[in-house]
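Dear colleague,

I am handing over the structure we spoke of, and it is placed directly below. Please look through it before reading my notes.

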Amino acid sequence: MSLIHKFIQDNEYYVIDVNSGSVHMVDELVYDLLDENKLREEQELIEVFKGKYKEEEIKEALQDVKELISEGMLYSLDLYESIAMNDNSPSYIKALCLNIIHDCNLKCKYCFAEEGEYKGKRKMMSVEVGKKAIDFVIKKSGPRRNIEVDLFGGEPIMAFENIKEIVDYAREQEKLFNKNIRFTMTTNATLLNDEIMEYIDKNMGNIVLSIDGRKDVNDSVRIRYDGSGTYDSIMPKIKKMVDKRDKSKQYYVRGTFTRNNMDFFEDVMALANENFDEISVEPVVLPEDHELSLREEDLPTIFLQYDKLYSEMLKRHKEGEEFKFYHFNIDLQGGPCVYKRISGCGAGHEYVAITPDGEIYPCHQFVGNKDFLLGNIYDETVDEKLSKEFRSAHIYNKPLCKECWARFYCSGGCQANNFNFNGDIHIPYEIGCKMQKKRIECAIALKSKIMEK
C-alpha cells in the first residue's frame, strides 16, 4: 500500500502523504531519498546516492524527513479502515437526480442516455410523480436538513411547466418538515428565454450549461436532429444566463472532450476567453469500439493538455485573470470529510435517481438496467440488499483502490463506469483512473503554488 506519492510538475518536486493528506514541495535530494512505501536506512541511502549528494547533505535532509514522520506528516498510518469496515450507522438519502424527462431536442453523438430515452420510451415526469419524489426524499432523509435535487434529462426545460409545480411543492414541504432543498439544473441551453432564465436564476442553487468549447468542436457533436450545430444559438443564451448570476449563485459551463478533440485545452481556453470563470470540460466515457471513445494510447496527449492547463491557470492567477476548472478544484486544508473521501458520491444509498415512472436507481447512469432497480417511490421501499452493496463498495472493499495513492481523492471512482467497463462496481475503470490521477497531481501542484507566500 502506498504511504506517500511523489510526482514532478513543471520541474518542481512534490510529495503527498496519502493518509494525512499533507503535501510537501521538496528539493530533488529529499525527493530522491523517499520511497513510496517506507524510508530506507540512512547508511543504505548514503551508499545509493553517494555519487550524487554529499554524505552530510543526505544526513541533514534525513533529519528533516524524520521530523515530518514524527509529526505524522509523512508515512502516516491509515486510521480509517477499521472505522469504514465496521460502520453500521444508518444511511439516509440526501440527494436525488430527478430525471424530469426522458426526451431531448438534441442528438449529441456521445450521449450515454440515447438522446434521453434511457433504454426505454420517451416520457415526461408528471407533476404527481415529481411531488411523490419530493415526499420520498424528505421521508428518507431522516435527520438530515439539507437535500440536493438535480433536475436532469434528456433536456429538463422541455418539462418547464411541470418543473415549476414540483419546485413550488418542494418549497411548501421544506417549510413543513424543516428541510432545505437546493435545486440544480443541467440544460443544453437551447430553450432558454427571458422568462425561463429569470426563473432558473431565482430558483436554482446551481445551473450547469452544456457547451463543448470551440464552435467547430461543439457543432460536430452537439447537434440537432437535422444535423445542424447549436453553438451560434446557445452561446448568447449561456452568456445571458451567466450574467444574471451573482457571486452567491453557482453555475458552470460544462463540455465534453472526445477522441476528436483531444486538444481540449483549446476548448477550455475558448470558454475562458468568453469570460466564463467556472468551467468544466470532462472526458467522454464510451465503449472502446465507439469512434469517439478515449483509449490507452490517447493518454499521453490528454496528459499534455492537463499540463498546459496547469501552466495557463497558474499564469492567469498571477495576472489576476484566473478561472476555475472543475477537475482542478481541490482543498489542501481538509477537503471533504473522511466519510466522503472513503465512500464517494453515495450512489445507491445516499444518492438515487428517479425516472418519470417513479422507478429508483442508484444513479442516472444505471437508469434502464433492471438489475439495478432499487424500488419505486409509490411503495416507498428501497432494495436494502442492493443499497448495502453500494454502500459497502467503498475504497477498502476495492482491492485496487485500497493500494492506490489517490484513493482519498477519487473515492474509488464512478460506480457506473466501473460496472459498465468491468461488470463489477468494485473494479475501477482503468483509463478513467489514470486521467483522474493526472488531474489530481496538476490540481495539487496548482493549489500549492497559489498558496505559496
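What follows is an account of the overall form, the sheet, the nonpolar cores and one covered helix.

Please keep in mind throughout that this is a predicted model. The protein has 17 helices and 16 strands, and its radius of gyration of 24 Å is close to the 22 Å that the globule rule gives for 453 residues, so the protein is as compact as a globular protein of that length. Taken along the principal axes, the C-alpha atoms fill a box of roughly 75 × 50 × 45 Å. Buried residues account for 52% of the 453 residues, while the accessible surface comes to about 20,900 Å², with 48% of that area belonging to carbon and sulfur atoms. If one takes the contacts between residues at least 6 apart in sequence, 70% of them join residues at least 24 apart.

Turning to the sheet, there is an open sheet of 11 strands with mixed pairing, and its order is 12-11-10-9-8-7-4-13-14-15-16. Its edges are formed by strand 12 (324–325) and strand 16 (381–382), each of which pairs on one side only. Within this order, strand 4 (residues 95–99) pairs with strand 7 (residues 146–152) in the parallel sense over 5 bridges, and alanine 95 has glutamate 148 of strand 7 as its bridge partner. Strand 7 also pairs with strand 8 (residues 180–187), again in the parallel sense and over 6 bridges, with aspartate 150 standing opposite threonine 184 of strand 8. Between these two strands the chain passes through helix 6 (residues 160–176), and this β-α-β crossover is right-handed. Antiparallel pairing is found between strand 13 (residues 351–354) and strand 14 (residues 359–361), which share 2 bridges; there, alanine 353 stands opposite tyrosine 361 of strand 14.

As for the interior, in soluble globular proteins nonpolar side chains tend to be buried together. The largest nonpolar core in this model has 120 residues, and Leu98 and Phe328 are those with the most contacts inside it. Helix 17 (residues 430–451) gives the largest share of this core, namely 8 residues. A second, separate core has 19 residues, among them Val30, Ile46, Tyr53 and Val65.

Which residues are in contact with leucine 98, leaving aside its neighbours within four places in sequence? They are Met125, Ala133, Val149, Asp150, Leu151, Phe152, Ile166 and Ile354. One of these, alanine 133, lies in helix 5 (residues 127–140), and it counts as buried because its relative accessibility is 0%, where the cut-off is under 20%. With the same neighbours in sequence left aside, alanine 133 is in contact with Leu96, Leu98, Ile354 and Ile377. The last of these, isoleucine 377, is 244 residues from alanine 133 in sequence, although the two are 6.3 Å apart in space, C-alpha to C-alpha.

Finally, helix 10 (residues 265–272) is mostly covered, with 6 of its 8 residues buried, and these are Phe265, Asp267, Val268, Met269, Leu271 and Ala272. They pack against helix 8 (215–221), strand 10 (250–257), strand 11 (278–283), helix 11 (299–318) and strand 12, the last of which is also an edge strand of the open sheet.

With kind regards

Notes. Residues are numbered from 1 along each chain as its sequence is written. This is a predicted model: local features need pLDDT of at least 70, side-chain atom pairs count only at pLDDT 80 or more; totals for chains, interfaces and linings use all residues. Side-chain values use heavy atoms; hydrogens and water are left out. Two strands pair if DSSP finds at least two bridges between them. Helices (H or I, at least four residues) and strands (E, at least two) are DSSP runs, numbered from the N terminus. A nonpolar core is a set of buried Ala, Val, Leu, Ile, Met, Phe, Trp, Tyr and Cys residues joined through side-chain atoms within 4.5 Å. Buried means under 20% relative accessible area, exposed over 50%, partly exposed in between (1.4 Å probe, protein chains only). Contact means heavy atoms within 4.5 Å. A crossover is right-handed if, with the strands pointing away from the viewer, the path from the first strand over the helix to the second runs clockwise. The radius of gyration is taken over C-alpha atoms; the globule rule is 2.2 Å times the number of residues to the power 0.38. Accessible areas come from the Shrake-Rupley method with a 1.4 Å probe; for residues, only the protein chains shown count as cover.
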